[in-house]
Amino acid sequence: MLEYKTKAIRAEQAQLKSPARGLLYTLGLLQRIQTGKRAVVTAIVAGPHMETSLHWEGRAFDLRSKHLSDDDKQAFAQIARFVVGIFGGKVLLESAGTPNEHFHIQV
Ligand SMILES: [Zn+2]
């Protein structure tokens, strides 16, 4: 149910800690059910992240948003926030409206 922007990003999923890894698969499934589109993982560990980012610890991942309609983005953000919130994490739509827009999930 998931696609990965690069093979390197696919390999990094092994570095995701619990519950981030389980949430990655869960959100991929939910996005597919909800929008009919596959979730695309655009970053896990590597990337230009802030020094304090949870990406470096395997506790965050990014999902593409630009392939979704505005309605689907909102609907997905709502269900993602509900599910990730159960574990005390959060979901942000970062760089909204720019070419770098993406969902950032951390937990
Ligand atoms: Zn991120």
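**Figure 1. The largest nonpolar core of this predicted model has 22 residues.** Within this core, Phe61 and Ile105 have the most contacts. Two or more residues come from each of H2, strand E2 (39–43), strand E3 (60–64), H3 and E5. Helix H2 gives the most to the core, with four residues. As you look through the views that follow, keep these elements in mind. The model is a predicted one, and residues are numbered from 1 along each chain.

**Figure 2. Here we zoom in on Ile105 and its contacts.** Neighbours within four places in sequence are left aside in this view. Ile105 is then in contact with Leu23 and Leu27, with Ala60, Phe61 and Leu63, with Ala80 and Val84, and with Gly89 and Val91. Two of these partners, Leu23 and Leu27, are among the buried residues of H2. Ala80 and Val84 are likewise buried, in H3. Ile105 itself belongs to E5 (102–106), a strand that is mostly covered, with four of its five residues buried.

**Figure 3. Five strands form an open sheet in the order E1-E2-E3-E5-E4.** The pairing in this sheet is mixed. Strand E1 (2–4) and E4 stand at the edges with a single partner strand each, so one side of each has no neighbour in the sheet. On average, and with direction ignored, neighbouring strands are turned by 35 degrees against each other. Helix H2 packs on this sheet, where it touches E1, E2, E3 and E5. The direction of H2 makes about 140 degrees with that of E2.

**Figure 4. This close-up follows strand E3 and its two partners, E2 and E5.** Four of the five residues of E3 are buried, which leaves the strand mostly covered. On one side, E2 and E3 pair in the antiparallel sense over two bridges, and Val41 stands opposite Leu63 in E3. On the other pairing, five bridges join E3 to E5, and these strands also run antiparallel. Leu63 stands opposite Phe103 in E5, while the bridge partner of Arg64 in E5 is His102.

**Figure 5. Strands E4 and E5 are joined by five bridges.** The two strands run antiparallel. One pair to look for is Lys90 with its bridge partner in E5, Gln106. Helix H3 lies across both E4 and E5, and runs at about 150 degrees to E4.

**Figure 6. Helix H2 (20–35) is shown with its buried side and the elements packed against that side.** The 16 residues of H2 should span 22 Å at 1.5 Å a residue, and the end C-alpha atoms are 22 Å apart, which agrees. Ala20, Leu23, Leu24, Leu27 and Gln31 are the buried residues to find in H2. They cover an arc of only 105 degrees around the axis, which puts them on the same side of H2. A reminder for reading the helix: an α-helix has 3.6 residues a turn, so residues three or four places apart point the same way. The buried residues of H2 pack against E2, E3, H3 and E5. Just after the helix, Gly36 takes a positive phi of about 80 degrees.

**Figure 7. Helix H3 (residues 70–86) is shown with its buried side and the face turned away from that side.** This helix has 17 residues and reaches 25 Å from its first C-alpha to its last, close to the 24 Å expected at 1.5 Å a residue. Phe76, Ala80 and Val84 are buried in H3. They cover an arc of only 55 degrees around the axis, which puts them on the same side of H3. Helix H2 (20–35), strand E4 (90–94) and strand E5 (102–106) are included in what covers these buried residues. The face turned away from the buried side carries the exposed residues Asp71, Gln74, Gln78, Phe82, Gly85 and Ile86. Gly88 follows H3 and has a positive phi, near 80 degrees.

Methods: Predicted model: local features only at pLDDT ≥ 70, side-chain atom pairs only at ≥ 80, totals over all residues. Expected span 1.5 Å × (residues − 1). Buried ≥ 20, exposed ≤ 12 C-beta atoms within 10 Å, placed from the backbone. Arc of directions from axis to C-beta. Contact = placed C-beta atoms within 7 Å. Core = buried A, V, L, I, M, F, W, Y, C linked by C-beta atoms within 7 Å. Pairing = 2+ DSSP bridges. Axes fitted to C-alpha atoms, helices over the stretch in contact; angles between N-to-C directions.
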